[in-house]
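Hello,

Here is the structure I promised to pass on. Please open it and keep it beside this email as you read.

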Amino acid sequence: MCTAVTYCTRDFYFGRTLDYDRTFGEEVVVTPRKYPFKFRCMGTMETHYAMIGMAHIAEGYPLYYEAVNEKGLCMAGLNFVGNADYKKEMLDRDNVAQFEFIPWILGQCDSAAQASGLLERINLTDHRFYSELPPAQLHWLIADRHGAVTVEAVKDGIRVYDNPVGVLTNNPPFEEQMFQLNNYMHLSPKEPQNHFSEKLSLRAYSRGMGALGLPGDLSSQSRFVRAAFTKMNAVSGDSEEESVSQFFHILGAVQNQRGCCQTDGGRYEITIYTSCCNADRGIYYYTTYENHQITAVDMFRENLEETQLARYPLITGEQIRWEN
Ligand SMILES: C[C@H](CCC(=O)NCCS(=O)(=O)O)[C@H]1CC[C@H]2[C@@H]3[C@H](O)C[C@@H]4C[C@H](O)CC[C@]4(C)[C@H]3C[C@H](O)[C@]12C
């Protein structure tokens, strides 16, 4: 399970939880403007916008899970197993392999609106990065401070949905996830009133009862509703520290604790990492399952006119500050 959210205070923030039962060996990667992105069908992008995000590097190529570019455009891929459908190459289309999608969009678009334009002629192909690496079955959240869209490549073709809530999880398809919010429109951060019956003297005996019924389990649909409720009602100051702190609290609502979600072979799905990008300042913050201290990498501290990737291995051990 994974959850991606957007959050806007003075700056625009974007991030995700990456929930899985194993890692692919990811690290924080800055791709500078002159790193040559070689596409399977679209030639080589010799210069492009710089980007920072989480990626697995294979044969020197950054396979991004999520990233933000220097213009503040953000994009994340989340599991969409059983629904994602990639095609063979098509004539008159921009044929982009699933693993090239993030560089393709972030390399050349400065806004979600511009990305939507490119999506009109895209075909996501089923090329493998190498033969033992099948394409990840994903759908994507693309966002900037003005709005967000969800992109789903399904049997019928590419679907692009306006995403007014700025949240994405996994299955079912996005339209169904959104529809489910109708079932929760009575939830509120305020104390509830008795609408049940005037003949009964019901009372709110605890704080937080306005959101009674908010689903608490780890299923994708439940995390969607919980992340949406938390994000839409989140209040924070607008300084960098207050915003980043609040962002991690929003994603704190959908963390996966080891032991609560068992997968095949007796393994457990956990929140391997949680990320938060300040899209305006090109800063990538993260925590890991065992490292609650926020670690940061600033894209603009790198030489972005370079051709080489800058790589930052994750700091994964718990950092405890002793007070005595
Ligand atoms: C497993 C990750 C998604 C996590 C997620 O959504 N979990 C939900 C679990 S569930 O369905 O709800 O059960 C996805 C997100 C990005 C994916 C990676 C990126 O797409 C980059 C490459 C793409 C290659 O084709 C496959 C390896 C890979 C390195 C992918 C491995 C894996 O599929 C990742 C890491």
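Below is what turned up, from the overall scores down to single residues.

**The model**

This is a predicted model. The scores are ipTM 0.96 and pTM 0.97. The protein has an average pLDDT of 97, and 100% of the residues reach at least 70.

UniProt has a record for residues 2-309. An unreviewed entry lists them as "domain: Choloylglycine hydrolase/NAAA C-terminal". In the model, that span is 16% helix and 34% strand. The C-alpha atoms at its two ends lie 26 Å apart.

**The eight-stranded sheet**

Start with the open sheet of eight strands. Its order is β13-β12-β11-β8-β7-β6-β3-β20, and the pairing is antiparallel. Which strands stand at the edges? They are β13 (157-162) and β20 (310-313). Each has a single partner strand, so one side of each is left without a neighbour in the sheet. Neighbouring strands here are turned against each other by 30 degrees on average, direction ignored.

Now look at one pair. Strand β11 (residues 138-144) meets strand β12 (residues 147-154) over five bridges, in the antiparallel sense. Within it, aspartate 144 stands opposite glycine 147 of β12.

Two helices go with this sheet. Helix α2 (residues 112-119) packs on it and touches β11, β12 and β13. The direction of α2 makes about 20 degrees with that of β12. Helix α1 (residues 101-108) lies across β6, β7, β8 and β11. Its angle to β7 is about 45 degrees.

**The six-stranded sheet**

There is also an open sheet of six strands. The order is β14-β1-β2-β17-β18-β19, again with antiparallel pairing. Its edge strands are β14 (167-168) and β19 (295-298), and each pairs on one side only.

How many bridges join β1 to β2? Seven, with β1 (residues 2-8) and β2 running antiparallel. One place to look is alanine 4: its bridge partner in β2 is arginine 16.

Helices lie across this sheet's strands too. Helix α4 (residues 220-233) lies across β1 and β14, at about 15 degrees to β1. Helix α5 (residues 240-252) lies across β1, β2, β17 (270-278) and β18 (283-288). The angle between α5 and β17 is about 150 degrees.

**Around the ligand**

Next, find the ligand. It is surrounded by 22 residues. The closest are Cys2, Leu63, Asn79, Ala136 and Asn170. Three elements give two or more residues to this shell: β2 (12-20), β7 (61-69) and β8 (74-79). What kinds of residue make up the shell? There are 15 nonpolar, six polar and one charged.

**Two backbone details**

First, the general rule. Most residues other than glycine have a negative phi, and most peptide bonds are trans. Two spots here are worth a look.

Asparagine 171 and proline 172 are joined by a cis peptide bond, with omega about 0 degrees. Find proline 172 in the loop between β14 and α3 (174-180).

Glutamate 59 has a positive phi, near 50 degrees, and is not a glycine. This residue sits in the loop between β6 (51-58) and β7.

**Where to begin**

Trace the two sheets first. Then find the ligand, and finish with the two loops.

Best wishes

Conventions: Residues are numbered from 1 along each chain as its sequence is written. This is a predicted model: local features need pLDDT of at least 70, side-chain atom pairs count only at pLDDT 80 or more; totals for chains, interfaces and linings use all residues. UniProt positions are given in the numbering used here, feature names are shortened, and annotations may be inferred rather than shown by experiment. Helices (H or I, at least four residues) and strands (E, at least two) are DSSP runs, numbered from the N terminus. pLDDT is the predictor's confidence in each residue, from 0 to 100. A residue is near a molecule or strand if its C-beta atom, placed from the backbone, lies within 6 Å of it. Ala, Val, Leu, Ile, Met, Phe, Trp, Tyr, Cys and Pro count as nonpolar, Asp, Glu, Lys and Arg as charged, and the others, Gly among them, as polar. Two strands pair if DSSP finds at least two bridges between them. Two residues are in contact if their C-beta atoms, placed from the backbone, lie within 7 Å. Axes are lines fitted to C-alpha atoms, for helices over the stretch in contact, and angles run from 0 to 180 degrees between N-to-C directions.
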